[in-house]
Amino acid sequence: MKKPPTEQAPAKKVTAEKIRAEKSTAGETPAEKTVSAKKTAGVKKTAGVKKAVATKKAATAENAAGKSSAPAASGGGAPAESRTALVRRARRINRELAEVYPYAHPELDFENPFQLLVATVLSAQTTDLRVNQTTPALFEAYPTPEDMAAADPERLEQLIRPTGFFRAKARSLLGLSAALRDDFGGEVPGRLQDLVKLPGVGRKTANVVLGNAFGVPGITVDTHFQRLVRRWRWTAETDPEKIEADVCALFPKSDWTMLSHRVIFHGRRICHSRKPACGACPIAPLCPAYGEGETDPEKARKLLKYEKGGLPGQRLKPPPDFPGPPAPPLGAE
C-alpha cells in the first residue's frame with residue numbers, strides 16, 4: 001500500500017530585501033551576524049529620522065508660503081481693512097479736514113482762467129509762494145494769451161526766472177499762449193481733453209484749472225496729495241493717474257476739488273514729507289501711518305507751518321476768510 005504523499009509547508013514569501021540581507025550575512029559568525037543586524041537597524045532608524053526632518057521642513061516652508069501669500073493686515077496683527085471700512089474711514093478723514101481747514105483754497109493768486117493756467121504751469125518744481133511773487137510782473141507785461149504769444153522769449157525767461165527751469169517753462173508758456181490764440185479764440189477751454197493738448201499742460205494742471213476756474217470737479221494729484229493718500233492707505237499706486245482713479249472711487253464727484261485742497265493744505269502744514277507732526281495732527285486716530293513723525297505734542301507743534309505755525313501763507317492776496325497773514329512780495333522776505 002502506497003504511503004500518501006508528504007504534505008509540504010507553504011513556502012514563505014521572501015522579499016528582495018531579505019534575500020539581500022541573507023546574502024550579505026552568508027558565512028558570517030553568529031557574533032558578526034549580530035553586529036550586522038544592529039547596523040541594519042541603525043541605518044533604518046537614521047533614514048526614519050531624516051524623513052521626519054524633511055517632512056517637518058516641508059511643512060514649515062508650506063506654512064510660511066501660505067502666510068506670505070495672505071492679504072496684508074492693516075497693522076498690529078489686525079485683519080485687512082474691508083472696502084466698506086476703507087470708504088468710511090476715507091470720508092471721515094475728509095470731514096475732519098473740512099473742519100480743520102474750512103478756508104482751504106487754491107494757493108495760487110489768479111483773477112481769471114488764463115492767469116491760473118499760467119501760474120499752475122510755473123508751479124512745477126517750485127513753491128506756490130515763489131510763483132505768486134513772480135506773476136504780478138508777468139501778468140502786467142502779458143495780460144492776455146495774445147500778448148504772451150508775442151512775447152520776446154528772453155524777456156519772458158527773465159520774468160519767470162525765480163520759479164526755476166525758466167527756459168523750459170518759457171517755451172511752454174509761449175506754446176500754450178499761441179495755441180489759445182490760434183485754436184481757442186484767446187480763451188482757456190473748459191474741457192479736459194482740450195487742456196491736456198496744450199504745451200506743458202498735463203492732467204494735474206488741467207484738473208486745477210477745471211476745478212477752480214470752471215467749477216468742474218477734479219482731483220489734483222501733486223506731491224503732497226500722493227504722499228498723504230498713500231500714508232492713509234487710500235491707494236498703493238505710484239502712478240498719478242492710477243492714484244487719481246483710486247481716490248475718485250472713494251468719494252462722490254462733488255467732493256473731488258475741495259478734497260484736493262484739504263489734503264494739500266494738510267500736507268503742507270502738518271503731514272510733512274520728512275518729519276510729520278503726528279503729535280499735533282487732528283486726524284491721528286484715523287491714520288495708519290501715525291508714529292512716522294514726531295508724536296510728542298509740544299515738539300510736534302514746533303513743526304507746524306504757515307498759519308498753523310503762526311506764519312504767512314503762500315498767497316499775496318489770500319481769500320478774506322484766510323486766518324493767517326498774506327505772503328510778502330518778492331524781495332521782501
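This section describes the confidence of a predicted model and the surroundings of three residues and one helix.

The mean pLDDT of the protein chain is 85. Of its residues, 76% reach 70 or more. Two stretches fall under 50. In residues 21–35, pLDDT stays under 50. The model gives this stretch five contacts beyond four places in sequence. Over residues 37–41 the pLDDT is also below 50. Here the model shows zero contacts beyond near neighbours in sequence.

Helix α8 spans residues 166–183. Both S172 and S177 belong to this helix. S172 has a relative accessible area of 16%. The cut-off for a buried residue is under 20%, so S172 counts as buried. Its contacts reach well along the chain. With neighbours within four places in sequence left aside, S172 is in contact with V121, P199 and G200. S172 and V121 are 51 residues apart in sequence. In space, their C-alpha atoms are 8.0 Å apart.

S177 is buried too, with a relative accessible area of 0%. The side chain of S177 reaches the backbone oxygen of L173 at 2.7 Å. Beyond four places in sequence, S177 is in contact with F114, P145, M148 and A149.

Helix α7 covers residues 153–160 and holds E157. E157 is buried, yet E157 has no salt bridge. The nearest side chain of opposite charge belongs to R167, 4.2 Å away. A salt bridge requires the charged atoms to lie within 4 Å, so the pair E157 and R167 does not qualify. R167 is nevertheless one of the residues that E157 touches. The others are F166 and A170, not counting residues up to four places away in sequence.

The burial of E157 fits into the layout of its helix. The buried residues of α7 are L156, E157 and I160. Seen down the axis of α7, these residues fall within an arc of 100°, so they line one face of the helix. The buried residues of α7 pack against three helices: α4 (113–122), α5 (128–141) and α8.

Key:
Residues numbered from 1 in each chain as written. Predicted model: local features only at pLDDT ≥ 70, side-chain atom pairs only at ≥ 80, totals over all residues. Heavy atoms only, no water. Helix = DSSP H or I, 4+ residues; strand = E, 2+ residues; numbered from the N terminus. Buried < 20%, exposed > 50% of the residue type's maximum accessible area, 1.4 Å probe, protein only. Contact = heavy atoms within 4.5 Å. pLDDT = per-residue confidence, 0-100. Polar contact = N/O pair within 3.5 Å; in protein donor to acceptor, adjacent residues only side chain to side chain. Lys, Arg positive; Asp, Glu negative; His and termini not counted. Arc of directions from axis to C-beta.
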